[in-house]
Amino acid sequence: MAVVVRMPEIATGAAEAAIQSWLVEVGSPVRAGQAIVEIETEKAVVEYEAERAGVLAGILLPAGDAAAVGVPIAVLAEEGETVDAALAAAGGAPAPATADPTDADIAAVPEEGAESAAAPSEGAPEAAPHAPAEKPAASAPASAADAAPRDQRLFASPLVRRLAHERGIDLTDVPGSGPRGRIVRRDLDAWTQALRERHPEPRPQASTPAPAAPAGTSPEPAGAQYEDVPHTGMRRAIARRLTESKATVPHFYLQADCRVDALLALRAQINEGREQRISVNDLVVKAVAGAMRDVPEANAIWTPDATRRFASADIAVAVSVPGGLLTPVVRGADRLSIGELSATVRDLAGRAREGRLKQNELEGGTFAVSNLGMYGTTSFAAIINPPHAGILAVGAATRRPVVLSDGSLASATVMTVTLSADHRVLDGALAAQWLAAFVARIENPLQILL
């Protein structure tokens with residue numbers, strides 16, 4: 001019996017998602033549990049697996065297009081069934097878009113934000129506000145034959161057109177790898193990366209005149225210039241989640257100074273002869289996981305009905321990516337060797353910057369680490385990323401005067417860390433106990449390796 005595959009709710013509360021790429025061609029057999037499509041959310045790319053076996057009879061949402069959760073995106077049918085028959089049998093309605101649209105279908109796709117073409121009698125159509133700027137006449141092809149490939153590369157989904165507009169990219173320059181030269185998300189990302197490598201410094205944007213100030217507000221100073229940078233999906237997600245966290249999670253903060261001379265000496269010994277070097281952050285993450293083992297009551301999160309404690313220390317690591325921040329989770333960090341943990345963090349961070357993380361790699365965990373020491377920041381307080389119960393903000397290790405146990409002064413390398421804790425889960429004494437366990441491991445780094 002035919003089944004309509006609908007856009008899944010990949011991330012909790014997500015209203016829509018986009019198709020990154022189809023992994024199975026129309027007419028190909030599909031096994032139950034086989035990955036058939038890559039779906040892009042605000043933060044990650046997720047492989048969606050077929051829930052039953054069959055034949056991929058038709059693709060209703062092409063790569064690069066977005067749709068609301070629950071919208072039909074494909075049809076799985078029995079051998080020999082047509083798309084229409086499979087849709088009728090499954091009780092779904094066909095979608096206008098297909099994975100391999102005809103020329104007429106492609107020509108009918110409007111520019112994002114363009115007015116409908118249903119009323120030509122109203123006068124000459126206005127240019128779509130988000131359409132790429134026309135190329136100068138000197139760059140036009142010499143013949144209609146030359147123009148055909150260029151025209152094909154203008155075929156792009158609304159999602160790609162929106163992202164191109166946000167990045168200031170002319171889609172006429174971007175080669176498409178989709179059906180009939182259609183530009184999909186991966187084409188735009190590759191072109192953006194190539195531009196960054198070719199032009200390390202961003203080209204200046206034209207300033208936008210300031211609009212008139214609303215009544216009751218102070219106008220901008222005369223001659224003030226500014227530029228509005230449209231919000232990306234990731235930036236909106238960060239704003240929504242952290243605003244919710246700050247408004248609903250009762251934060252409190254504890255700070256400690258750690259002497260890290262012994263830690264740095266141990267790291268230097270570990271890295272002797274190693275091709276893949278261990279970072280200070282790797283040792284910090286390992287110490288955080290070890291402190292969770294020392295104080296298991298802190299390895300917990302808040303739920304509406306109970307405080308949920310975990311046996312494994314799953315630690316999220318904050319990774320800066322273009323346009324935002326991601327927190328992939330290192331599973332079982334307390335059980336990994338320092339070499340395994342370092343390789344895991346390196347892999348997650350690399351794929352985070354490439355936009356290739358899976359949704360399950362961003363979910364779960366009880367705690368996070370955010371390190372800004374490489375930027376010279378000596379101390380800061382981070383916002384908890386729900387459902388985590390805490391986040392450790394790590395500052396730079398700097399030479400400072402310290403008072404020894406005998407009262408004399410000395411110079412030492414000191415790193416300041418700030419624990420942001422959820423008071424619903426961690427009381428002050430418990431948080432202080434955990435922080436003391438962390439500091440003990442950092443200052444006696446052989447414990448980190450045990």
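**Exercise 1. Burial and the first ring pair**

Task: in this predicted model, are F367 and W434 buried or exposed, and how is their aromatic pair arranged?

Solution:
- Start with burial: F367 is buried, and W434 is too.
- Now the ring geometry: the centres of F367 and W434 sit 4.9 Å apart, with 40° between the planes.
- Planes under 30 degrees apart would count as stacked and over 60 as edge-to-face, so what's left is tilted. F367 and W434 form a tilted pair.
- Then place the partners: F367 belongs to strand β18 (residues 367-371) and W434 to helix α10 (residues 428-443). They are 67 residues apart, so this pair links distant parts of the chain.

**Exercise 2. The second ring pair**

Task: work out how the rings of W434 and F438 are arranged, and where the two residues sit in helix α10.

Solution:
- The ring centres of W434 and F438 are 5.8 Å apart and the planes meet at 10°, so call this pair stacked.
- Both residues lie in helix α10, four residues apart, so about one helical turn separates them.
- W434 and F438 are both buried.
- Put the rings together: F367, W434 and F438 make up one aromatic cluster. A search of the whole structure turns up two aromatic pairs.

**Exercise 3. Into the core**

Task: which residues touch the most other members of the largest nonpolar core, and what does I442 touch?

Solution:
- The largest nonpolar core has 59 residues, and the ones touching the most other members are V288, I315, L392, V417, W434, F438 and I442.
- Leaving out residues up to four places away in sequence, I442 touches C258, R259, V260, L263, V284, A287, M415 and I448.
- Apart from that core there's another, of 23 residues, including V5, A17, I19 and V46.

Conventions
Residues numbered from 1 in each chain as written. Predicted model: local features only at pLDDT ≥ 70, side-chain atom pairs only at ≥ 80, totals over all residues. Heavy atoms only, no water. Core = buried A, V, L, I, M, F, W, Y, C linked by side-chain atoms within 4.5 Å. Buried < 20%, exposed > 50% of the residue type's maximum accessible area, 1.4 Å probe, protein only. Contact = heavy atoms within 4.5 Å. Phe/Tyr/Trp six-rings, centres within 6.5 Å; stacked < 30°, edge-to-face > 60°.
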